[in-house]
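Here's a quick briefing to read alongside the model. Keep the structure open while you go through the points.

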Amino acid sequence: MPLTIVTGGSRGIGAAICRRLAAEGHDIVVGYRTDADAADEVAAAVRSAGRRALTVELDTTDESQVEALFAAAAAAGFSPVTGLVNNAGSASAFGPLADADIAAVRRDIDVDLVGVLICAKHAIRAMSTNGGGSIVNISSASAYLGSPDRYVHYAAAKAGVDAVTVGLSKEVARLGIRVNGVAPGTIYTGFHPEPDRPEVVAPTVPLGRGGQPDEIAGAVAWLLSDDASYATGTTIRVTGGL
Ligand code: NAP
């Protein structure tokens, strides 16, 4: 049975990914940072789908906590880890760069890029001893649109994630590990400083609307599935056409 770790799995896109993967037969480790109740709710949904679930509190930027996450996954008595969804993300610094609080910028880049690298490092170590696996990095349309006046540092970190997806896919292919990405457009979650952000951008989106978390989860599930066995190093844009 596949066992997949989802960081930031307690809400938004991460929670939708956990539910979708459970429906497709994955046992799930729900990584969460602050809201244990929300993580428990997602774990309960996974169990209702007939799969096993474990919740683990962690900050993805702290390598010792990431090591503890993989140790907890190994100790859970489920199958070995075969999947990682690097979903945790942050854009706490918001507005033009000229006004930015650089400490917040640095913290966002730590979460959005370094945290992805740390989790991927430990996933590769686990998967390479277990016959391989699949990593999906959640990127963003920001990586190629740039997010001017909002968070160019976040866009840069996500462009970095896309480069990680390309480079790492080549580095670990011989270990039987695939590395891909999904780049969402504007999705209905609590991520945005303005709750009506999806409605505001809708007129600029070719499909005329914001996206739902479930519409991202499907792409992630496909990349983790055997149907994607020949896909590595690619990032799928799920953006309504942006
Ligand atoms: P969200 O609702 O704000 O959820 C973000 C998740 O990341 C939360 O579970 C949060 O945990 C977790 N997180 C943040 N910092 C963390 C850290 N240091 N360690 C561990 N977990 C951490 O956002 P979302 O919209 O679902 O975003 C999910 C992913 O999609 C992110 O990578 C985001 O950049 C990307 N994305 C989102 C959109 C969009 O329009 N929503 C568009 C493009 C890309 P806590 O709740 O405990 O803080």
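What follows covers the ligand site, the salt bridges, the cysteines and a surface patch.

Bear in mind that this is a predicted model. The protein buries 96% of the 890 Å² that the ligand exposes when taken alone. Elsewhere, a search of the whole structure turns up seven salt bridges and zero disulfides.

**Ligand site**

- There are 28 residues around the ligand, and the ones that come nearest are Arg-11, Arg-33, Thr-34, Tyr-154 and Thr-189.
- Arg-33 uses its side chain here: one of the N or O atoms in that side chain sits 2.6 Å from a ligand oxygen.
- With Asn-87, it's the backbone that does the job, putting an N or O atom 2.7 Å from an oxygen atom of the ligand.
- Ile-187 also contributes through its backbone, with a polar atom 2.8 Å from a ligand oxygen.

**Salt bridges**

- Side chains of opposite charge can pair when their charged atoms come close.
- Glu-194 and Arg-150 pair up through their side chains, at 2.8 Å from N to O. Glu-194 is in the loop between β6 (177-184) and α7 (197-201), while Arg-150 is in the loop between α5 (142-145) and α6 (152-172), so this pair ties together parts that lie 44 residues apart in sequence.
- The two partners differ in exposure: Glu-194 is partly exposed at 24% relative accessible area, whereas Arg-150 counts as buried at 10%.
- Arg-20 bridges to Glu-24, with the closest N and O atoms 2.7 Å apart. Arg-20 is partly exposed at 33% relative accessible area, and Glu-24 is partly exposed too, at 39%.
- Arg-209 and Glu-215 make another side-chain pair, at 2.7 Å from N to O. Arg-209 is partly exposed at 41% relative accessibility, and so is Glu-215 at 35%.
- Asp-27, Arg-51 and Arg-52 are joined up in a salt-bridge network.

**Cysteines**

- Why is Cys-119 not bonded to Cys-18? The sulfur of Cys-119 is 14 Å from that of Cys-18, its closest cysteine sulfur, and that is too far for a bond. A disulfide would need the two sulfur atoms within 2.5 Å.
- Both residues are tucked away: Cys-18 is buried at 0% relative accessibility, and Cys-119 is buried with a relative accessible area of 0%.

**Surface patch**

- Leu-97, Ile-102 and Val-152 make up a nonpolar surface patch, together offering about 250 Å² of accessible area.
- Leu-97 belongs to the loop between β4 (83-86) and α4 (102-128).

Terms used
Residues are numbered from 1 along each chain as its sequence is written. This is a predicted model: local features need pLDDT of at least 70, side-chain atom pairs count only at pLDDT 80 or more; totals for chains, interfaces and linings use all residues. Side-chain values use heavy atoms; hydrogens and water are left out. Buried means under 20% relative accessible area, exposed over 50%, partly exposed in between (1.4 Å probe, protein chains only). Patches are made of residues with over 30% relative accessible area and no salt bridge: like charges are joined within 9 Å, nonpolar side chains (Val, Leu, Ile, Met, Phe, Trp, Tyr) within 5 Å. Accessible areas come from the Shrake-Rupley method with a 1.4 Å probe; for residues, only the protein chains shown count as cover. A salt bridge is a side-chain nitrogen of Lys or Arg within 4 Å of a carboxyl oxygen of Asp or Glu. Helices (H or I, at least four residues) and strands (E, at least two) are DSSP runs, numbered from the N terminus. A residue is near a molecule or strand if one of its heavy atoms lies within 4 Å of it. A polar contact is a pair of N or O atoms within 3.5 Å; within protein, one must be able to donate a hydrogen and the other to accept it, and residues adjacent in sequence count only if both atoms are side-chain atoms.
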